[in-house]
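Open the model in a viewer and keep the selection panel at hand. The stops below go from one strand outward to a whole chain, then to the chain contact and a helix in the partner chain.

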Amino acid sequence: MAEVTYLEALRQGLWEEMERDERVFILGEDIGIYGGAFKVTEGFLAHFGPSRVIDTPISEAAIVGAAAGAAHMGLRPVAEMQFIDFISCAYDMLTNYVATARYRTGLATPLVVRGPSGGYVRGGPFHSQMPEAAFFHTPGLKIVCPATARDAKGLIKAAIRDEDPVIYLEHKYLYRRIKEDLPEGEDLLTPIGRARLARQGTDLTILTYSAMVFKALEAAEEIAASDGASIEVVDLRSLVPMDDEAIMQSVRKTGKVLIVHEDTRTGGVAGEITARINEQAFEWLDGPIMRVTAHDTPLPYSPPLEDFVLPQTADIVKAARWLLAY
Amino acid sequence: MAAPATQRLAIPAGLSRQQVLDIYYFLRLTRSLEERLVNLYRQGKVIGGLYRSLGQEGESVASAYALEPGDILSPLIRNLGSLLVKGAKPVDLFRQYMAKATGPSRGRDTNVHFADLERGYLGNISHLGDMVPVMAGVALSFKLRRESRVGLVYVGDGASSTGAFHEGINFAAVQRLPLIVILENNGYAYSTPTSRQTAVQRLADKAKAYGIPGVTVDGNDVFAVYAATREAADRARSGGGVTLIEVVTYRRKGHAEHDDQRYQPKEELEHWANHDPLDRYTARLVASGWAEAEELAGVDARVARELDDALALAEQEPMPAGESALSGVLACPSAAPLLWFRRR
């Protein structure tokens, strides 16, 4: 066992897949000699060479489009968005081309688009986004959001091996803050579409993903210590496909549901989860399904503003207490 | 400049007599197939729009014919000819236009939006320009695997205004990918004339911005388009990278069959009718002694028979079952869930 950061775990996963399968190659902006804006691909160019580590122009539509064409031909491209905020520049390519290719033509498009997501880093409106809702709505794309180092590694490996296009949203706040002992020399794979029970509980379920998993766990510990209530935390890990079974199992157990995500509220993933619980487990509910999310604004960079807009542990504690008392 | 008599009879661009007849077959097949489709459209049997390539068959067929079997092209709605050259069968097109279960897209996407990488084509999507980056990726796979293969992507004068066109061609140029971009300047993007699409006088000049060769050819001269594409393919295969070929042609019909063409001047239509690529090609074949008129009439008859057979087959085939719409969005899970209000 060796202690690795979330970022190192992701890096290891990429590296191992490139070692394992010569069809895997990576492309993106400044990923070669510079090793990527966050050094996820540091050392890759020297080891794998310029034909498998491709520095591209500032050109997200070309990066994703070229990845799609190469994937049709049997290669396994992993495209990096320097910040995930720029994935919107490839929105057309992802939603109109990549997402529909298999359905329309039967062609496989096994590519991964990954990049640093999320806020709490004072990055402002264009270096802090959580873009999942924009793609969650489009049939034909898978979306994964690892919270732990183990899943950062296990999900990138699973995404690369998947036959479908996968958007892999890593959280930049977690890159060097999260550390975990991971086994060496073992093929760590996290199945796509399966949630993880992050904390067992009996009184209330928090459904969440990505960096919010840790805020939810903090809130659960605080409430356990002060109120004695038992909160269950489910780390969804995969948004498409979503593990409805794990969600409903927890809902049936606790009867109360709080959904927490960092993305803005309106049209966010929490709304869809709420609808699914309503359809599949309504009679098990002992209270309304509540949400803790970002406020509906672009994300400002000044610390008091960012802290105000984004969900904080105290918000989760407050919402959970309200729901526990319902 | 008069050429010596012995050279006047030589077929240009290194083509053999059999190849010249082959090209004639594909030109005739394209035109006749579209004429059959017009009849079906008027009978209400075509589902969706019908986009004619009348007047543009020459460049479609000639450019595709200049490729090798392993090469892959991406057609536009007016490149039926290039699809046929690459091995698409008339029955595929009838099935596709009639939205049959047996069609190459199984009733999912319209007209020429379908793919067969074994035969060598990857159909476009409606978002014009998007196939340039995608075909750059196809060409990238050739380069990474050191395969002697070439990609060819068609774009129109309108698509050359899109961001995807720019991003794709720039990426391919920087990577020196084996890619040919055929820029079809057919005068109009729907109703918008090329002069309102771009301030560039000669569309091939756009190549300068990418540091790649750009040539302009008479798109209604089959031999000229064949030779230019052949040269670009040779360059691509030998590591010379991307070539932009502007083919100057004319869209003799409207954007689609419903379009009354009110914006196309009558004299302009007449001018281009007199410069039709199939007429020009036929006249040149006969005048140069490369084919006899009777021989060509024989090809016409063969095309008519093939289309009769294909249409008879496609017409009696079934439409897709509604529930089949749910499969194949993803590899896993293999079908979208059936919604409760549709359960039996």
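A residue counts as buried here if 20 or more other C-beta atoms lie within 10 Å of its own, with C-beta atoms placed from the backbone. The model is predicted.

**Stop 1: a strand in chain A**

Select residues 112-117 of chain A, which form strand β5. How many of its residues are buried? The count is 6 of 6, so β5(A) is largely enclosed by the rest of the structure.

**Stop 2: the strands paired with it**

Add residues 76-80 of chain A, strand β4. β4(A) and β5(A) are parallel and are paired over 3 bridges. To find the register, show Val78(A), which stands opposite Val112(A) in β5(A).

Now add strand β7, residues 166-171 of chain A. β7(A) also runs parallel to β5(A), and 6 bridges join the two. Here, show Ser117(A) and find His171(A) of β7(A) opposite.

With side chains displayed, keep in mind that in a regular strand they alternate between the two faces of the sheet.

**Stop 3: the crossover**

Select α4 of chain A, residues 91-105. Together with β4(A) and β5(A), α4(A) makes a β-α-β unit, and the unit is right-handed.

**Stop 4: the whole of chain A**

Zoom out to chain A, with its 11 helices and 14 strands. Along the principal axes, the C-alpha atoms of chain A fill a box of roughly 60 × 40 × 40 Å. A compact globule of 326 residues would have a radius of gyration near 20 Å, and the 19 Å of chain A agrees with that. Of these 326 residues, 58% count as buried. Among contacts in chain A with a separation of 6 or more, 79% are between residues 24 or more positions apart.

**Stop 5: the contact between chains**

Show both chains. The contact takes 32 residues from chain A and 35 residues from chain B. On the chain A side, the elements giving two or more residues are α3 (60-72) and α4 (91-105). Which of them gives the most? That is α3(A), with 9 residues. Coloured by type, the chain A side divides into 17 nonpolar, 10 polar and 5 charged residues.

**Stop 6: a covered helix in chain B**

Select residues 90-97 of chain B, helix α5. All 8 of its 8 residues are buried, including Asp92(B) and Arg95(B). To see what covers them, display α2 (17-42), α4 (80-85) and α11 (293-315) of chain B, which are among the covering elements. Finish at Ala99(B), just after α5(B), where phi is positive at about 60°.

Definitions and conventions: Residues numbered from 1 in each chain as written. Chains lettered and ligands numbered in written order. Predicted model: local features only at pLDDT ≥ 70, side-chain atom pairs only at ≥ 80, totals over all residues. Contact = placed C-beta atoms within 7 Å. Helix = DSSP H or I, 4+ residues; strand = E, 2+ residues; numbered from the N terminus. Nonpolar A, V, L, I, M, F, W, Y, C, P; charged D, E, K, R; others polar. Buried ≥ 20, exposed ≤ 12 C-beta atoms within 10 Å, placed from the backbone. Pairing = 2+ DSSP bridges. Right-handed = clockwise from strand over helix to strand, strands pointing away. Rg over C-alpha atoms; globule rule 2.2 N^0.38 Å.
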